[in-house]
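Reader: I'm new to this one and a bit lost. Could you pick a spot, take a close look at how the strands pair up there, and then walk me outwards from it?

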Amino acid sequence: MDATLAGIVGGGLGLVIGAVAVAASRLSERKLTTIPPSAPPPLPSGVSDVLAVLKSIAIVLDSSDAVVNNSASAVSYGLVRHGELVHTELRQLARQVRRDGEIREVELELSRGFGTTTNTLMTARVAPLGAPHILILAEDHTHARRVEEVRRDFVANVSHELKTPVGGIALLAEAVLDARDDPEAVSRFAARIQVESTRLTRLVKEIVDLSRLQVADTLHEPELVQIPQVVAEAVDRVRVAAEARQITLEAVADERASVFGDTELLATAVANLVSNAVNYSEQGTRVAVAARRVGDTIEITVSDQGQGIPATEQSRIFERFYRVDAARSRATGGTGLGLAIVKHVCATHGGDVSVWSEEGHGSTFTMRLPAASDRAAADSDRHTVGRAQGETPG
Ligand code: ADP
């Protein structure tokens, strides 16, 4: 969570604590007149109502540290057990707050029990609530922390990946200068500069694509996308590379296959799979692309007769910058981002991607996307035609 957001959340919690405290003190003042002095003052009913609305984990302690009110999440996070606050640090903090009346904030790391390796990260605020009570409000920041770690990793990876081609270009430029009297060497180095700069351009484009996809969980304005068109476009983009290696590209697509989404993104995803199929196959083999409707799903499969992927690597190949064979990926101009992009495109379309592969026997990647229903597709067609006719002048 960044500083501004933390400030807003902190401020919001402060307001809630203040409001709850005022309500509690007013109500308790009123009730004190009717309660015998020895009985512990009850928690004013308004407080429970306010706490029930909060998203935070909430716990209210009485003067003897017994829990008099808590949210269900306080139990599921293991902070409250059998009506007792079981976290020692929080209990101590509650006592300090009771002594001096000052609000305190603390970061906690909770172990979530057996079998889990990740701990829960929380911030907790402890505040006085009326005279005898103490309010603890806690927020789970584990997800935010994880997102931040992933972002930091990504930035580190990107800088590392960019350094290689940039460094390569600098060295090659030096070599060109040194070889200025040898035209053959100059053209050899210049050709390599071209390869490295093409790789750099592709890398930058894919980093930008992936960053955009990561920000947008869903598509803003999905349109009706004809899958045969997507398949044709994807195959077209890879045709030259396939011909250069005498790889036969075959494509079949069910005419009725359509989804709601983004044509360009889907064509990029399918092209990434076809491009990999070509790059990781031997000369003279066959790559097949097929799209069909299976119930409410559109399945797009890309199969090759290539080297295959070891079973132990199959779960990792969709990670950013993960390559089974870095040298081969480099030799084919790979960026290590192709499959991460496919995964994100499928996710933003409400679908997924999976792989079947056997070493030495080839691979099949399958994208599964929710199909546009025939009625929705027809409605969308009518709408588009209507709009196009409306725009015709005269
Ligand atoms: P790259 O740019 O390196 O191809 P990808 O994200 O597209 O990156 O793929 C990740 C890794 O998965 C590749 O480096 C390669 O090792 C493996 N891979 C992907 N597709 C195939 C395939 N069709 N056959 C064999 N290995 C593949």
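Author: Sure. Find Ile 59 and look across to strand S2, where its bridge partner is Asn 70. Val 60 has a partner in S2 as well, namely Asn 69. Keep in mind that what you're looking at is a predicted model. These pairs belong to the join between strand S1, residues 57-61, and S2, which run antiparallel and are held together by 3 bridges. In general, strands of a sheet pair through backbone hydrogen bonds, in either a parallel or an antiparallel way. S1 and S2 form a hairpin with 5 residues between the strands, and in that hairpin Asp 65 takes a positive phi near 70°.

Now zoom out a little. The hairpin strands sit in an open sheet of 5 strands, in the order S2-S1-S7-S6-S5, and the pairing is antiparallel. S2 (67-70) is an edge strand, and so is S5 (104-110): each of them pairs on one side only. Going from one strand to the next, the twist of this sheet averages 25°.

There's another open sheet to find, also with 5 strands, in the order S9-S11-S12-S14-S13 and with mixed pairing. Its edges are S9 (248-253) and S13 (352-358); each has a single partner strand, so one side of each is left without a neighbour in the sheet. Here the twist averages 15° from one strand to the next. If you'd like a pair of residues to hold on to, Thr 301 stands opposite Thr 366 in S14. S12 (297-303) and S14 (362-370) run antiparallel, with 7 bridges joining them.

Next come the helices. H7, residues 227-244, lies across S9, S11 and S12, and runs at about 175° to S9. H8, residues 263-279, lies across S9, S11, S12 and S14, at about 170° to S14. The axes of H7 and H8 come within 8 Å and cross at roughly 35°, and that crossing is right-handed. Among the residues that meet there are Val 230, Ala 234 and Ala 241 in H7, and Leu 266, Val 270 and Val 274 in H8. By class, the contact has 11 nonpolar, 3 polar and 3 charged residues.

H8 has H10 (residues 338-348) to deal with too: their axes come within 9 Å and cross at roughly 145°. This crossing is left-handed. On the H8 side the contact includes Leu 265, Leu 266, Ala 269 and Asn 276, and on the H10 side Gly 338, Leu 339, Ile 341 and Val 345. Sorted by class, the H8 and H10 contact has 8 nonpolar, 4 polar and no charged residues.

Asn 276 is a handy signpost to the ligand. Of the 20 residues around the ligand, Asn 276 is one of those that come nearest, along with Tyr 280, Ser 329, Thr 335 and Gly 336. Tyr 280 has a polar side-chain atom 2.7 Å from an oxygen atom of the ligand. For Ser 329, an N or O atom in the side chain is 2.6 Å from a ligand oxygen atom. Leu 339, which you just saw in the H10 side of the contact with H8, comes in through its backbone: an N or O atom there lies 2.9 Å from an oxygen atom of the ligand.

Definitions and conventions:
Residues are numbered from 1 along each chain as its sequence is written. This is a predicted model: local features need pLDDT of at least 70, side-chain atom pairs count only at pLDDT 80 or more; totals for chains, interfaces and linings use all residues. Side-chain values use heavy atoms; hydrogens and water are left out. Two strands pair if DSSP finds at least two bridges between them. Helices (H or I, at least four residues) and strands (E, at least two) are DSSP runs, numbered from the N terminus. Axes are lines fitted to C-alpha atoms, for helices over the stretch in contact, and angles run from 0 to 180 degrees between N-to-C directions. Contact means heavy atoms within 4.5 Å. A crossing is left-handed if the near helix is turned anticlockwise from the far one by less than a right angle, and right-handed if clockwise. Ala, Val, Leu, Ile, Met, Phe, Trp, Tyr, Cys and Pro count as nonpolar, Asp, Glu, Lys and Arg as charged, and the others, Gly among them, as polar. A residue is near a molecule or strand if one of its heavy atoms lies within 4 Å of it. A polar contact is a pair of N or O atoms within 3.5 Å; within protein, one must be able to donate a hydrogen and the other to accept it, and residues adjacent in sequence count only if both atoms are side-chain atoms.
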